[in-house]
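Subject: Structure handover

Hello,

Here is the structure for you to load. My notes on it follow below.

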Amino acid sequence: MRVGLISDLHIDINKDYPIVELTAETAAEQMTDVLVIAGDISETQNQTLQAIERLQSLCEFPVYYVPGNHDMWNKNCPECTTEEIDRIYREDLRCLSGKPVILEKDGRQLALVGDVGWYDYSMASPEYSRDVLDGMMMDGRTWQDKLYNQWTEDNQKQMFLCLKQLEKQLKDCGSLPVLAITHMLPVKDFCVPEKPDGIKWGFFNAFLGSTALEELYKKYPVRYAVCGHVHYRSTVERDGIRHICPCLGYHTEWPLYHLADDRAQTHIRDALYILETS
Ligand SMILES: [Fe+2]
């Protein structure tokens, strides 16, 4: 089975490019059997839902997704609670949150499980206390989830709930091989290294994911794990699990990849990961 994986389309920030159309075209070109988006489609719920609907209308294969932290923001709907926004996605048929999907091709099955995921500070540098991390602010920079997501009132609790929901999905899949999709990172390997950009990444890595996701995956037949969020394209293989981070990211970040050109199509082709499952 050929599974097309991509994340962080950010169609609002990348509004000058036909991201949805090019993603559908590139996935078809790659003869994918299914396309999965690991979150951060836009910052507005209606826009995200419409983009998924449009993507599905352009593709002859099924499209699934999990929301990212940007999709969960109430920036453009201040009266919406995070619980209400979460419910909007859970009720959407194409969203994997809360409901695993079993794919089948040539007599072989693959289970997709998914959730936005969350963070519990396990990826932060140990010098920061939980109280300091709860503030989600350092050197005048505020992690934007703090402003637009009520789950940030208790990140540890949200991570606990996410693990519980994912574990239920994993149990429902029995012994089938699993592709697990979250927006947040399950492995530290994809964290941002300290660099001379003036940002204390040892602090902000706290809000990228949780190592508890990797520990959970190891208890079940998870063969592949996909995430987004960090806007670096990367893969790593450990303990029999291939971890994939297939981010498109913001157009302003594309020059950092030093590809032959910075056309949207070039970057979508580079970001789209074709997972050939056995
Ligand atoms: Fe993103």
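I start just after the first helix. Helix α1 is followed by Met 31, and the phi of Met 31 is positive, near 55°. Keep in mind that this is a predicted model. Most residues other than glycine have a negative phi. Met 31 is not a glycine, yet its phi is about 55°. The residue sits in the loop between α1 and β2. Is Met 31 buried or exposed? It is exposed, because its relative accessible area of 61% is over the 50% cut-off.

Asp 8 also has a positive phi, near 55°, and is a residue other than glycine. Its place is the loop between β1 and α1. Asp 8 is buried, since its relative accessible area is 0%.

Now the helix itself. α1 covers residues 19–29, and its buried residues are Ile 19, Val 20, Leu 22, Thr 23, Ala 24, Thr 26 and Ala 27. An α-helix has 3.6 residues a turn, so residues three or four places apart point the same way. What covers the buried residues of α1? The cover includes β1, β2 (34–37), α2 (45–58) and α10 (264–271).

The four-stranded sheet

β1 and β2 belong to an open sheet of four strands, in the order β3-β2-β1-β12. Pairing in it is mixed. Its edges are β3 (63–65) and β12 (273–276), each of which pairs on one side only. On average, neighbouring strands of this sheet are turned by 25° against each other, direction ignored. β1 spans residues 2–6 and pairs with β12 in the antiparallel sense, over four bridges. As a marker, Leu 5 stands opposite Tyr 273 in β12.

The six-stranded sheet

There is also an open sheet of six strands, again with mixed pairing. The order is β4-β5-β8-β9-β11-β10. β4 (101–105) and β10 (234–238) are the edge strands, and each pairs on one side only. Here the average turn between neighbouring strands is 20°, direction ignored.

Going through the pairs:
- β4 and β5 (residues 108–115) run antiparallel and are joined by five bridges. Lys 105 has Arg 108 in β5 as its bridge partner.
- β8 and β9 run parallel, with four bridges between them. Ile 181 is bridged to Val 226 in β9.
- β9 and β11 pair in the parallel sense over three bridges. Ala 225 stands opposite His 243 in β11.

How many residues of β9 are buried? Four of the five are, so this strand is largely enclosed by the rest of the structure.

Two helices deserve a look here. α7 (residues 155–172) packs on the sheet and touches β5, β8 (178–182) and β9 (222–226). The direction of α7 makes about 165° with that of β5. α9 lies across β8, β9, β10 and β11 (241–245). It runs at about 145° to β11.

Cores

The largest nonpolar core has 78 residues. Leu 35, Ile 37 and Phe 207 have the most contacts inside it. A second, separate core has 19 residues, including Leu 103, Leu 110, Tyr 224 and Leu 275. Back to Ile 37: leaving aside neighbours within four places in sequence, its contacts are Ile 6, Ser 7, Leu 9, Ile 52, Leu 55, Tyr 64, Tyr 65 and Val 66.

Aromatics and charges

The whole structure holds 14 aromatic pairs. One of them is Trp 143 with Phe 207. The centres are 5.7 Å apart, the planes make 35°, and the pair counts as tilted. It links distant parts of the chain, 64 residues apart. Trp 143 is in the loop between β7 (141–142) and α6 (145–148). Phe 207 is in the loop between α8 (201–204) and α9 (211–218). Both rings belong to buried residues: Trp 143 has a relative accessible area of 16%, and Phe 207 has 0%.

Trp 143 and Phe 207 are also part of one aromatic cluster. Among its other members are Trp 118, Tyr 121, Trp 151, Trp 201 and Phe 204.

Two arginines lie over ring faces. Arg 94 is over Tyr 64, at 5.4 Å from the ring centre. Arg 233 is over Tyr 257, at 3.6 Å from the ring centre.

Best regards

How values were computed. Residues are numbered from 1 along each chain as its sequence is written. This is a predicted model: local features need pLDDT of at least 70, side-chain atom pairs count only at pLDDT 80 or more; totals for chains, interfaces and linings use all residues. Side-chain values use heavy atoms; hydrogens and water are left out. A nonpolar core is a set of buried Ala, Val, Leu, Ile, Met, Phe, Trp, Tyr and Cys residues joined through side-chain atoms within 4.5 Å. Buried means under 20% relative accessible area, exposed over 50%, partly exposed in between (1.4 Å probe, protein chains only). Contact means heavy atoms within 4.5 Å. Two strands pair if DSSP finds at least two bridges between them. Helices (H or I, at least four residues) and strands (E, at least two) are DSSP runs, numbered from the N terminus. Axes are lines fitted to C-alpha atoms, for helices over the stretch in contact, and angles run from 0 to 180 degrees between N-to-C directions. Rings of Phe, Tyr and Trp (its six-membered ring) pair if their centres lie within 6.5 Å; planes under 30 degrees apart count as stacked, over 60 as edge-to-face and the rest as tilted. A charge sits over a ring if NZ of Lys or CZ of Arg is within 6 Å of the ring centre and within 35 degrees of the ring normal.
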